[in-house]
Amino acid sequence: MALIKFGTFELDLVNKTLTESGRPYQLGKKALDLLVALVGKAGEIVSKEELLRAAWPTTTVDEGALRVHLMTLRKALGEYSDQRYIENIAGRGYVFVAPIELSAPGSAAPVTPAIPPDTNLPRFASRLVGREQFIEASLTALASTRLLTISGAGGIGKTAVALEIAARVQSSRRVVFVDLAVLKEGRLLMPTLASLLGLILYTNDHRQAVLNSLQSSDVLLLFDNCEHLIESVAVEADQILKATTRVTILATSREPLRLAGERVRQLPSLPIPDFGVSANELVSIPSVEFFVESVKLASDLENFEDEESLQAAAAIVRSLDGIPLAIELAASRVSSLGLKSVLGSLDNPLSILRRGRRTAPPRQQTLRATLDWSYESLETDEKELFAIIAVFPGTFSDQGAEAVAREWLSGERFDNAFDGLLLKSLVAVSSADGRYRLLDTTKGYAVEKLADSKLERDYRVSHARFCREALLRAEYDWRSLSTSDWTLRYGSLITDLRAALDWARSPEGDLELAVELVAISNVIWVQLGAMSEQSIVIEDGLRLLASTKHVGTDIELQLRIARGSALYHTRGFKSDNEAIAEFERAIAIAERLGNPARIMRAFGGKASVTSSNGSYLDSIAIAKDLKSRFPGALSFSRLLEHNYLFHGDFSAAREQAEISVMEASRAVRTTQNYGTGYDQGTIAKSVLTMVDFLEGKIDQSFLGIRDLLAESEVLGHSISTCLMLSLSAVPIAYLAGDITDARSRLDAVRRIAAKDMLVRWQEWVDGYDLIVPRDTQTDEAQSELQRALLEGVGMRLEYMTILAGCRASPAALDRALAGDAGWCRPELLRLKAVSLIKRDRAAASELLDEAVRLSRAMGAAFWELRSAVCLFRLATPQEMRAARSDLESVLKKFECSRPLPDIDMARGLLDE
């Protein structure tokens, strides 16, 4: 028995993993240990002692800790009165009561409706009570409006209702959840939305990138907690709605967005009972029902089967005005105080506190009073931890909270304090990611306590140091974790990083930490699609650098490399000299520090930019020099393979690419390719497909392209995909005469470059657009093409020239031949010869002979075939036998089972 299914969940008892509807569903370690122990004996009573041993095998804890983690588990599974998973058997232990289904690993499983893979919608941890009518009416409203705002006071349950509405919509359309509570500035809204949409941006124009992505999308955007950014949200929502036709926005806010067409629905408190209502009627009143369920979830001490307890529950929810958060806070105290004590302690403090805040709306008075009451009941350690965890801007793990609090609370003291906050509902379980959070209203209250603490600065320093350690782990794990697993583990780190940077750069902050965090955070910005935001942060880090001890250190070195890479990607060819200058500054520091890894990375960044500009021999020299200096290191192949290809040494290119593929296979990905971030495996395989094609191994080349397209789809790394398409897939299809395929692949580059605002690759698309698309024969198009060829540089000039073919002007051909374009020199010579045929037949023949000799020396059968065809056509009767022999000879070098225009043409000439 290895896999056990219950409801929509599947638990692997051996590997201790949980999934829901096919998606990984993370629980805290203790909660998962308890679930494994209970499900492993489903239907049997598991004693408290057994459960304590399962979750705390080497530590002695009291039953309070067990109760807390069982409550956390129940909430995480979404347990409520009509859907119970775990029951308490008084005096004996607990039993897993839900129906289960057993299956062996690898056996066929019943198909369950899968959650759409492109949704990030959190899973609400408990059943909504008393909201069905509001939800149904809201769904109806969404069908006739594109902007629906759920408004209401803090703690009223706006987020919970919105999540349920979105959950019901997501079966028919994509839903993107945007938690605005973690953002402090409106300028971060569009970068955050871009990241959630899966965009990796290399531009500062986040708004346009988002609008491009959403233009034809059928998406529901859920903007949660808008009130503190209300003006920015209104502006961006208005732009989105005007630029799209199928996007709908669902917002939660304490005030409307005040946009044209907005429909506002005010969420009321839960209905509360009148005085004199009978016990039978009380159980069906939503506020009472919610209180009873909340108490039962946290404790088995009250069963509410008698009228006295139900009337006490009614009195409590009346005093709390039916506010769900206040009700939940009060319910959490029943297990420790008892029902009567909770009722007694609530009544007097609330009346006193209300009188003290006459200016606040009544419901806000009630909630504030409940929070004050809950806080005053905390133990000293619980109060301190409550202030400490306020440094987290969003969700956090218990391990993260302990890491930040370690200097003040650790071990059993931390566990007890954290469990206490959970038990008292001041910390909430955050859906399906095994993490926790402070609800928006509670978070504001906690931030007040943090500001009141004399240790606020110390707590924030600790949080910044926690971010530093997490960033280092994220960089290390990127090579070994899949994209989904890495994002699940580190995706929320960007909000912590922003918060840590905001504080560290403030007057009360720590500039040393600020600059260090900027320097080591490259992987987060790049992989979460925020490279343009990173550029701003880097500029700020370099501005602050002189005020720190990091000048001339590894921290400055990393800043320089990051800026060089950002310039390369975000500003295109025009900033290449500036990018090289940054890499050279990094090289100087790395050499002075004597750090081989940094020396190679900085030189690698420079070599990448140099290669792009066509200086292949310079890049080869860099790689060879590094190899001689650091003979035991790997990774030189990734620098040599494409430079050997473009220099024209196909044999060396193949050898190095095969080594690079082997090296790349040792990790899930190798996108940290020195200073410019391309995936090592993608580059190497792209080189091999081009070498195969030019050597005449056409079938092998096309198989390689097919595999690359599939692998790139899985990898999801946009700059690497654009490189593969632009340098291999598009030109190979075009040279092979498959114009339809070439256009399709060019359109793919266009989509990716537009979606992620990849300036460098948009420039490649603009160039190819003058050659590959349908109508390039107009005078205007020809004029544009010649201008582009005369302005182009390096690799891009070479590709455009050979694809333009006879449309390239003699001046453009001379520019391309003046560089180090060894890989296509035979074709450039052939094109120059074709341009001379009518004026100087002898000179043309001489150039064609040179092209054939060079093709043979390189092993470039494809270029040789083209030149041999031209020589055959120019051959005099005396030269025809040799020309025929040469053409027949080169055709034998091809391995091609598919139609290829150049081969068909050659065979047609031989048949004449």
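Biologist: In which sense do strand β11 and strand β12 pair, and over how many bridges?

Modeller: A good place to start, with one caution: this is a predicted model. As a general idea, strands of a sheet pair through backbone hydrogen bonds, either parallel or antiparallel. Here strand β11 (residues 219-224) and strand β12 (residues 248-253) pair in the parallel sense, over 4 bridges. To see one such bridge, find L221, whose partner in β12 is I249.

Biologist: In what order do the 5 strands of that open sheet stand?

Modeller: Read across the sheet, the order is β10-β11-β12-β9-β13, and the pairing is parallel. From one strand to the next, the twist averages 15 degrees.

Biologist: Which strands stand at the edges?

Modeller: Those are β10 (174-179) and β13 (263-266). Each has a single partner strand, so one side of each is left without a neighbour in the sheet.

Biologist: Which strands does helix α4 lie across?

Modeller: Helix α4 (residues 132-142) lies across β9 (147-151), β12 and β13, and runs at about 180 degrees to β13. Helix α6 (residues 189-196) also packs on the sheet, where it touches β10 and β11. The direction of α6 makes about 140 degrees with that of β10.

Biologist: Now the sheet with β5, β6 and β7: is its pairing parallel or antiparallel?

Modeller: Antiparallel: 3 strands form this open sheet, in the order β5-β7-β6. Its edges are β5 (45-46) and β6 (86-89), each with a single partner strand, so one side of each has no neighbour in the sheet. Between β6 and strand β7 (residues 93-96) there are 4 bridges. Look for I89, which stands opposite G93 in β7. Helix α1 (residues 29-39) lies across β5, β6 and β7, at about 75 degrees to β7.

Biologist: Let me turn to charges. How many salt bridges does the structure hold?

Modeller: The general idea is that side chains of opposite charge can pair when their charged atoms come close. The structure holds 52 salt bridges. One of them joins K16 to D33, with the closest N and O atoms 3.1 Å apart. K16 lies in the loop between β2 (9-12) and β3 (17-20), and D33 lies in helix α1, so the pair ties together parts that are 17 residues apart in sequence.

Biologist: Is D33 buried or exposed?

Modeller: D33 is buried, at a relative accessible area of 5%. Its partner K16 counts as partly exposed, at 39%.

Biologist: How far apart are the closest N and O atoms of K41 and E50?

Modeller: They are 2.8 Å apart, in a salt bridge. Here K41 is partly exposed at 32% relative accessibility, and E50 is partly exposed at 26%.

Biologist: And where do D814 and K832 lie?

Modeller: D814 is in helix α39 (residues 810-817) and K832 is in helix α40 (residues 825-836), 18 residues apart, and the pair links distant parts of the chain. Their side chains meet in a salt bridge of 2.8 Å, N to O. D814 is partly exposed, with a relative accessible area of 39%, and K832 is partly exposed as well, with 22%.

Biologist: Which residues are linked in a network of salt bridges?

Modeller: E539, E556, R560, R563, E578, E582 and R585 are linked in this way.

Biologist: Next, the nonpolar core. Which residues have the most contacts inside the largest one?

Modeller: The largest core has 155 residues, and those with the most contacts inside it are F6, L35, F291, L385 and I524. To explore it, select L35: leaving out residues up to four places away in sequence, L35 touches F6, L11, L18, L27, G40, L73, L77 and F96. Apart from that core lies another, of 125 residues, among them A736, I771, L847 and A851.

Biologist: Last, where is confidence lowest in the chain, and where highest?

Modeller: The mean pLDDT of the chain is 85, and 90% of its residues reach 70 or more. By element, confidence is lowest in helix α14 (residues 339-356), at a mean of 58, and highest in helix α23 (residues 511-520), at 96. Over residues 106-117 the pLDDT stays under 50, and the model has 11 contacts beyond four places in sequence for them. Over residues 671-675 the pLDDT is below 50, and this stretch has 30 contacts beyond near neighbours in sequence.

Methods. Residues numbered from 1 in each chain as written. Predicted model: local features only at pLDDT ≥ 70, side-chain atom pairs only at ≥ 80, totals over all residues. Heavy atoms only, no water. pLDDT = per-residue confidence, 0-100. Helix = DSSP H or I, 4+ residues; strand = E, 2+ residues; numbered from the N terminus. Contact = heavy atoms within 4.5 Å. Pairing = 2+ DSSP bridges. Axes fitted to C-alpha atoms, helices over the stretch in contact; angles between N-to-C directions. Salt bridge = Lys/Arg side-chain N within 4 Å of Asp/Glu carboxyl O. Buried < 20%, exposed > 50% of the residue type's maximum accessible area, 1.4 Å probe, protein only. Core = buried A, V, L, I, M, F, W, Y, C linked by side-chain atoms within 4.5 Å.
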